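Subject: A structure to look at

Hello,

Here is the structure I promised to pass on to you. Please open it first, and then read my notes alongside it.

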Amino acid sequence: MPIIDCHVHLNYYSNIQKIKRIPSLKQRLTELLQTMSNNNIDYALILTSYKFDSERPSTSQIINILKNKDYKLGIVAGFTIDNHTNEYFKKCKEWLKDGIIKGIKLYCGYEYYYPYDRKYQKIYDLCIEYKVPVMIHTGDTFSTTSKVRFAHPLNIDDIAVDNPELIIIMCHIGNPWLLDCQEILYKNKNVYADISGLVIGNFTLNDQKNYTYKIKALLRYVDMPHRLLYGSDWPISNMESYIKFVDKLKLNKQTRDLLLFKNSSNVFRL
Ligand SMILES: [Zn+2]
């Protein structure tokens, strides 16, 4: 069964990738493709960021660099209330219409709005119209200026209830609030969660122990094998360490296939 990584970035993170010169977008893409091939990852979704600058390529830049190539890569467009323009919103609509992007990613916590803020509703309406998922950051943030109350998984309940046709993916299973994430998944059949970004770099032995216990508990809960998606958050998390972590969970074939392939394939209609 092929493997889909539903959560990677082509951003450069100066605080963890301690390289002197910022690699070009082309170099980063080459590295992604090489890392995917080394780890037998068949398809990945590139998520663009909450701001676009020299370290964080824009959605248009990613679209351009992938154009006319048959890389096994898809794009999910980052969107923020504070940093978007009307033109960008219109482009997102066109890209969705043309199947160029596979969903939209929101960065609650990184920007100070709850997911149920009315200002996001136009994105939810767009996702419903084009039957694509909205991915929402939940849990701890990779930035000290973020505010985590906006990223708490319980906030997802409001939009899940108010938009029953909207497919929602909680990124990072709301880590460390896995129980809250579990309840939101249990209660709302239109919500999924990706397991990306649980560690920076490699899983240590302690991480392995902690998260094995937690993920297995989550998977044992009602219907959860159908609701979790595999994602790494590369290059923040190490792709090899991530897939090895999943191997060590020793999941039965059905659960493994759902987590690594089928759920993403269904939700993103790949
Ligand atoms: Zn991420």
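Below is what I found, starting with the whole protein and moving on to one helix and the zinc site.

A word on the basis: this is a predicted model, in which local features need pLDDT of at least 70, side-chain atom pairs count only at pLDDT 80 or more, and totals for chains, interfaces and linings use all residues. Residues are numbered from 1 along each chain as its sequence is written, and side-chain values use heavy atoms, with hydrogens and water left out.

The protein has nine helices and eight strands; these are DSSP runs, numbered from the N terminus (helices are H or I, at least four residues; strands are E, at least two). The C-alpha trace spans about 45 × 45 × 35 Å along its principal axes. Of the 270 residues, 58% count as buried, where buried means under 20% relative accessible area, exposed over 50%, and partly exposed in between (1.4 Å probe, protein chains only). Among contacts (heavy atoms within 4.5 Å) between residues at least 6 apart in sequence, 77% join residues at least 24 apart.

Helix α1 is a good place to zoom in. It covers residues 25–38, and its 14 residues reach 20 Å from the first C-alpha to the last, close to the 20 Å expected (1.5 Å times one less than the number of residues). Its buried residues are Leu25, Arg28, Leu29, Leu32, Thr35 and Met36. They lie on the same side of α1 because they cover an arc of only 130° around the axis, taken from the directions from the helix axis to the C-beta atoms. The face turned away from that buried side carries the exposed residues Lys26 and Asn38. What covers the buried residues includes strands β1 (4–8), β2 (43–47) and β3 (73–79), along with helices α2 (59–66) and α8 (239–248). After α1 comes asparagine 40, with a positive phi near 55°.

Then there is the zinc ion. Which protein atoms are its donors? They are His7 (NE2), His9 (NE2) and Asp233 (OD), lying 2.1 Å from the zinc ion. Donors here are N, O and S atoms within 2.8 Å of the metal (3.2 Å for Na, K and Ca); water is not among the atoms, so sites may look incomplete. Along the chain the donors follow the spacing H-x1-H-x223-D. Distant parts of the chain are linked this way: histidine 7 sits in strand β1 and aspartate 233 in the loop between β8 (228–229) and α8, 226 residues apart. Histidine 7 counts as buried at 1% relative accessibility, and aspartate 233 counts as buried at 7%.

Enjoy exploring!

Best wishes
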